[in-house]
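Please open the model in a viewer and keep the selection panel at hand. The tour below proceeds stop by stop, naming what to select and what is found there.

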Amino acid sequence: LAIIAAKVFDHLVSVQLRKITARTKNTIDDLLVDLLHGPAKVLALVGMLDLGLNFYHWPDFIARWLRNGFKFVLACSLTYLALKLVDLGAGYWANKTSARADKSFNDLLIPMVSKTFKGFVLVMAVLTTLDLMGFNIRTLLAGVSVSGLALGLAAQDTVGNLFGAAAVFIDKPFNVGDRIQLNGVDGMVEQMGLRSTRIRNLDGHLITVPNKTMGNATITNVSRRPTIKTAINIGVTYDTPAEKVGRAVAILDEIFKKHPMTEDLIIGFNQFADSSLNINVTHWWKGTDHRAYVAGLQDMNLAVKKRFDAEGIGFAFPSRTIFLKQDSEWRLGMPNVSQASQPQEDSQAARASSAMPQNPRV
């Protein structure tokens with residue numbers, strides 16, 4: 001009767017229930033029906049055997065063995081069902097996050113998480129089954145607790161990195177190939193592992209960042225910005241007339257606005273700087289391709305240079321005019337030549353007179 005009842009129950013689950021789930025668009029219910037196909041039969045068989053054998057009077061040791069046997073078979077069936085549920089969840093997770101950028105990371109993280117949950121399910125199943133079968137598990141629990149504490153202290157950094165990897169994976173602040181900035185690091189994400197994330201910075205160096213740091217850091221994802229903003233200050237010389245300054249603003253507005261990749265634009269004569277009349281240009285580039293942005297900005301700058309040269313508008317450069325203050329009257333000049341030579345002639349005449357004899361005698 002137990003075998004017949006198990007087959008009937010299995011037929012209801014695998015055939016009749018499948019007809020109901022086939023009408024829905026979701027595939028999760030179909031997978032659950034497939035999962036219940038084997039364990040449902042075992043559960044029905046054990047339940048019916050336990051119910052039927054209770055009508056008989058057995059010796060104590062036989063009854064004890066029968067009860068423990070039923071509990072063991074029931075625990076094995078439920079454990080098998082729980083393990084299959086973990087596999088089902090892992091498969092659904094992998095299919096849902098099957099983006100190419102995350103594939104290498106998924107291939108590492110999902111099996112690791114699945115095995116961790118399976119290990120937890122097995123440990124809990126063994127402890128629960130032993131407790132239900134009358135074994136004293138207090139000593140075993142104490143040993144497991146001490147071992148788990150020692151293992152946790154020894155591998156706390158590794159566990160922190162694993163949880164950091166899980167946090168990054170779930171939150172998705174970036175993908176492989178994105179340019180990110182964090183804690184002084186600026187570069188492209190090349191690889192995401194279970195322990196660390198590898199970033200190629202703008203100088204070409206490969207930087208390894210622990211996932212524990214990635215999970216706690218403030219990350220700026222440069223690649224996910226919708227546009228590229230550029231602020232340019234163009235200075236013209238102070239001797240430029242007001243009409244030409246207005247003409248310069250009009251030229252800049254014409255060149256930058258007509259470019260097909262211009263998302264938005266703000267232009268204005270905004271400042272009397274130290275050595276120039278400053279015109280501020282704030283430009284938003286439509287897209288995030290850096291190479292195309294640099295090439296397009298170069299074309300616009302060259303066009304500005306040509307138009308300014310044609311209009312006679314000069315670009316200013318840093319310069320400084322120094323004024324010397326004169327506190328008293330003074331001037332620079334050359335000494336008088338006749339006055340300068342007079343002392344020299346007097347000294348020569350004195351030397352000549354001293355050389356001549358006084359009161360000469362004949």
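Over how many bridges do β6 and β8 pair, and in which sense? In this predicted model, the two strands pair over 10 bridges, in the antiparallel sense.

**Stop one: the sheet**

Select β6, β7 and β8 together. These three strands form an open sheet in the order β6-β8-β7, with antiparallel pairing. β6 and β7 (262–272) stand at the edges with a single partner strand each, so one side of each has no neighbour in the sheet. On average, neighbouring strands here are turned by 15° against each other, direction ignored. For a single pairing within the sheet, display N233 and N280: N280, in β8, is the bridge partner of N233.

**Stop two: the helices on the sheet**

Add α8 to the selection. This helix lies across β6, β7 and β8, and runs at about 165° to β7. Next, add α9, which also packs on the sheet, where it touches β6 and β8. The direction of α9 makes about 20° with that of β6.

**Stop three: the nonpolar cores**

Now show the side chains of L252, F256, V281 and F308. They have the most contacts inside the largest nonpolar core, which comprises 22 residues. At least two residues of this core come from each of β6 (227–236), α8 (242–257), β8 (277–286) and α9 (290–311). The largest share, seven residues, is supplied by α8.

Centre the view on V281. Leaving aside residues up to four places away in sequence, V281 touches T230, A231, I232, I234, L252, F256, L265, I266 and I267. Then move to V185, V189, M192 and I199, which are among the 11 residues of another core, lying apart from the largest one.

**Stop four: S276**

Select S276, in the loop between β7 and β8. Is this residue buried or exposed? S276 counts as buried, because its relative accessibility is 12%, and the limit for burial is under 20%. Sequence neighbours up to four places away excluded, S276 touches G235, V236, Y238, Q271 and A316.

**Stop five: salt bridges**

The count of salt bridges comes to seven; three of them are visited here, beginning with R224 and D178. The side chains of R224 and D178 meet at 3.7 Å, N to O. Which parts of the chain does this pair link? R224 is in the loop between β5 (220–221) and β6, whereas D178 is in the loop between α6 (156–171) and β1 (179–182), 46 residues apart. R224 is partly exposed, with a relative accessible area of 44%, while D178 counts as buried at 13% relative accessibility.

Select R247 and E311 next. In this salt bridge the closest N and O atoms are 3.4 Å apart. The pair links distant parts of the chain, with R247 in helix α8 and E311 in helix α9, 64 residues apart. R247 counts as partly exposed at 33% relative accessibility, and E311 is likewise partly exposed, with a relative accessible area of 30%.

Finally, display D186 and R179. Their side chains form a salt bridge of 2.9 Å, N to O.

Terms used
Residues numbered from 1 in each chain as written. Predicted model: local features only at pLDDT ≥ 70, side-chain atom pairs only at ≥ 80, totals over all residues. Heavy atoms only, no water. Core = buried A, V, L, I, M, F, W, Y, C linked by side-chain atoms within 4.5 Å. Buried < 20%, exposed > 50% of the residue type's maximum accessible area, 1.4 Å probe, protein only. Helix = DSSP H or I, 4+ residues; strand = E, 2+ residues; numbered from the N terminus. Contact = heavy atoms within 4.5 Å. Pairing = 2+ DSSP bridges. Axes fitted to C-alpha atoms, helices over the stretch in contact; angles between N-to-C directions. Salt bridge = Lys/Arg side-chain N within 4 Å of Asp/Glu carboxyl O.
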